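Here is a short briefing on one chain. Its overall form comes before the single residues.

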Amino acid sequence: MAQARKIALYIVVIFVLYTIITAPERAADLVQVGFEGVSSAAQGVGDFMSELVK
């Protein structure tokens, strides 16, 4: 199981590096989408907690 996890991690790292090298604009778009998703999730959790307190 640990071997499979290590192989999957290597594949993901290679894919990320390949994407950054071959299409840096697309990679920047993907990072922006990721940060927007994290921001939206954090805002949703904050809204939920605020509603619990009320």
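A residue counts as buried under 20% relative accessible area, exposed over 50%, and partly exposed in between, using a 1.4 Å probe and protein chains only. By that yardstick, 4% of the chain's 54 residues are buried. This is a predicted model: local features need pLDDT of at least 70, side-chain atom pairs count only at pLDDT 80 or more, and totals for chains, interfaces and linings use all residues. Numbering starts from 1 along each chain as its sequence is written, and side-chain values use heavy atoms, leaving out hydrogens and water.

**Overall form**

- The chain has 2 helices and 0 strands. The radius of gyration is 17 Å, well over the 10 Å that the globule rule gives for 54 residues, so the chain is more spread out than a compact globule.
- Helices (H or I, at least four residues) and strands (E, at least two) are DSSP runs, numbered from the N terminus.
- The radius of gyration is taken over C-alpha atoms, and the globule rule is 2.2 Å times the number of residues to the power 0.38.
- The C-alpha trace spans about 50 × 35 × 5 Å along its principal axes.
- The chain's accessible surface is about 5000 Å², and 71% of this belongs to carbon and sulfur atoms. Accessible areas come from the Shrake-Rupley method with a 1.4 Å probe; for residues, only the protein chains shown count as cover.

**Helix α1**

- T19 lies in helix α1, which covers residues 2–22. T19 counts as buried because its relative accessibility is 12%.
- A polar atom of the T19 side chain lies 2.9 Å from the backbone oxygen of F15.
- Neighbours within four places in sequence aside, T19 is in contact (heavy atoms within 4.5 Å) with P24, A27 and L30.
- I21 is also in helix α1. At 69% relative accessibility, I21 counts as exposed.
- I21 joins L9, V13 and L17 in a nonpolar surface patch with about 400 Å² of accessible area together. Patches are made of residues with over 30% relative accessible area and no salt bridge; like charges are joined within 9 Å, nonpolar side chains (Val, Leu, Ile, Met, Phe, Trp, Tyr) within 5 Å. A salt bridge is a side-chain nitrogen of Lys or Arg within 4 Å of a carboxyl oxygen of Asp or Glu.

**Helix α2**

- G44 sits in helix α2, residues 24–53. With a relative accessible area of 37%, G44 is partly exposed.
- G44 and Q32 are 12 residues apart along the chain, and their C-alpha atoms are separated by 18 Å.
- S50 is placed in helix α2. Its relative accessible area is 40%, so S50 is partly exposed.
- The C-alpha atoms of S50 and F15 are 39 Å apart, with their positions 35 residues apart along the chain.

Definitions and conventions. A polar contact is a pair of N or O atoms within 3.5 Å; within protein, one must be able to donate a hydrogen and the other to accept it, and residues adjacent in sequence count only if both atoms are side-chain atoms.
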